[in-house]
Amino acid sequence: GAAHEFVFAALPESVEYYVEAGGVRSKTYTLTVKDLPAVKRLRVTYQFPSWLALPAAVEDPGGDLRAVAGTVAELAIEFDRPLERGVIVLEDGRRIDLAGSGTRFTARVPVEKDGAYHVAALEQNQAVRLSEDYFIEAKEDKEPVIRIARPGRDAKVSPVEEVTVEVEAEDEYGLNELNLV
């Protein structure tokens with residue numbers, strides 16, 4: 001049982017082949033060459049979690065996904081030629097089917113944890129890569145930063161004196177409300 005292999009490199013068209021050894025010949029097989037589409041344009045629309053109260057945001061051109069965890073990234077993918085079936089392949093092996101036909105497809109990718117994804121065609125249920133890797137960054141929503149700006153220290157005032165209190169607050173995704181108690 002010696003094993004042999006031959007690499008077909010850069011086949012421009014389909015080819016038939018057979019194997020012959022010691023006067024015994026295999027049946028004839030066909031390698032069918034298929035010119036797969038390429039990603040022409042990728043647009044990302046972020047649907048943020050409702051608790052953020054933020055409108056949808058669009059990245060065009062898009063690719064890498066960077067958003068707060070819980071966001072859903074809606075991908076709109078345009079190919080340079082028609083695609084029969086396609087998927088988004090996540091780093092952990094999960095697949096998300098592409099919806100659409102012809103050269104325009106969409107997919108909804110949940111931003112749950114850091115990772116990566118790529119676009120692939122489905123050929124005989126095998127994922128064939130059509131794009132480079134795109135990164136997914138799931139940002140955590142940090143607590144807001146609040147500080148009393150004025151007065152910046154303890155102050156001695158009379159009971160009838162007015163004291164102005166200035167409070168500064170910032171949050172990466174905005175604040176709905178700030179109360180001084």
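User: Where does S131 lie in this model?
Analyst: Happy to start there, and do keep in mind that this is a predicted model. Two strands frame S131: β14 (126–129) and β15 (134–139). S131 belongs to the loop between β14 and β15.

User: Is S131 buried or exposed?
Analyst: The cut-off for buried is under 20% relative accessible area. S131 has 9% relative accessibility, so S131 counts as buried.

User: Which residue has its backbone nitrogen 2.9 Å from a polar atom of the S131 side chain?
Analyst: Leaving aside neighbours within four places in sequence, S131 is in contact with V39, H118 and V119. Among them, the one whose backbone nitrogen lies 2.9 Å from a polar side-chain atom of S131 is V119.

User: Now to V163: which nonpolar surface patch residues join it, and how much accessible area do they have together?
Analyst: V163 sits in the loop between β16 (145–150) and β17 (166–170). With 44% relative accessibility, V163 counts as partly exposed. Its partners in the patch are I148, V157, V165 and L180, and the accessible area of the patch, V163 included, is about 430 Å².

User: How many helices and strands does the protein have?
Analyst: Nice and simple, this one. The secondary structure comes to 0 helices and 17 strands.

User: Why is the protein described as more spread out than a compact globule?
Analyst: For 181 residues, the globule rule gives 16 Å. The C-alpha trace spans about 110 × 40 × 20 Å along its principal axes. The protein is more spread out than a compact globule because its radius of gyration is well over the rule's value, at 28 Å.

Technical notes. Residues are numbered from 1 along each chain as its sequence is written. This is a predicted model: local features need pLDDT of at least 70, side-chain atom pairs count only at pLDDT 80 or more; totals for chains, interfaces and linings use all residues. Side-chain values use heavy atoms; hydrogens and water are left out. Patches are made of residues with over 30% relative accessible area and no salt bridge: like charges are joined within 9 Å, nonpolar side chains (Val, Leu, Ile, Met, Phe, Trp, Tyr) within 5 Å. Accessible areas come from the Shrake-Rupley method with a 1.4 Å probe; for residues, only the protein chains shown count as cover. A salt bridge is a side-chain nitrogen of Lys or Arg within 4 Å of a carboxyl oxygen of Asp or Glu. Helices (H or I, at least four residues) and strands (E, at least two) are DSSP runs, numbered from the N terminus. Buried means under 20% relative accessible area, exposed over 50%, partly exposed in between (1.4 Å probe, protein chains only). A polar contact is a pair of N or O atoms within 3.5 Å; within protein, one must be able to donate a hydrogen and the other to accept it, and residues adjacent in sequence count only if both atoms are side-chain atoms. Contact means heavy atoms within 4.5 Å. The radius of gyration is taken over C-alpha atoms; the globule rule is 2.2 Å times the number of residues to the power 0.38.
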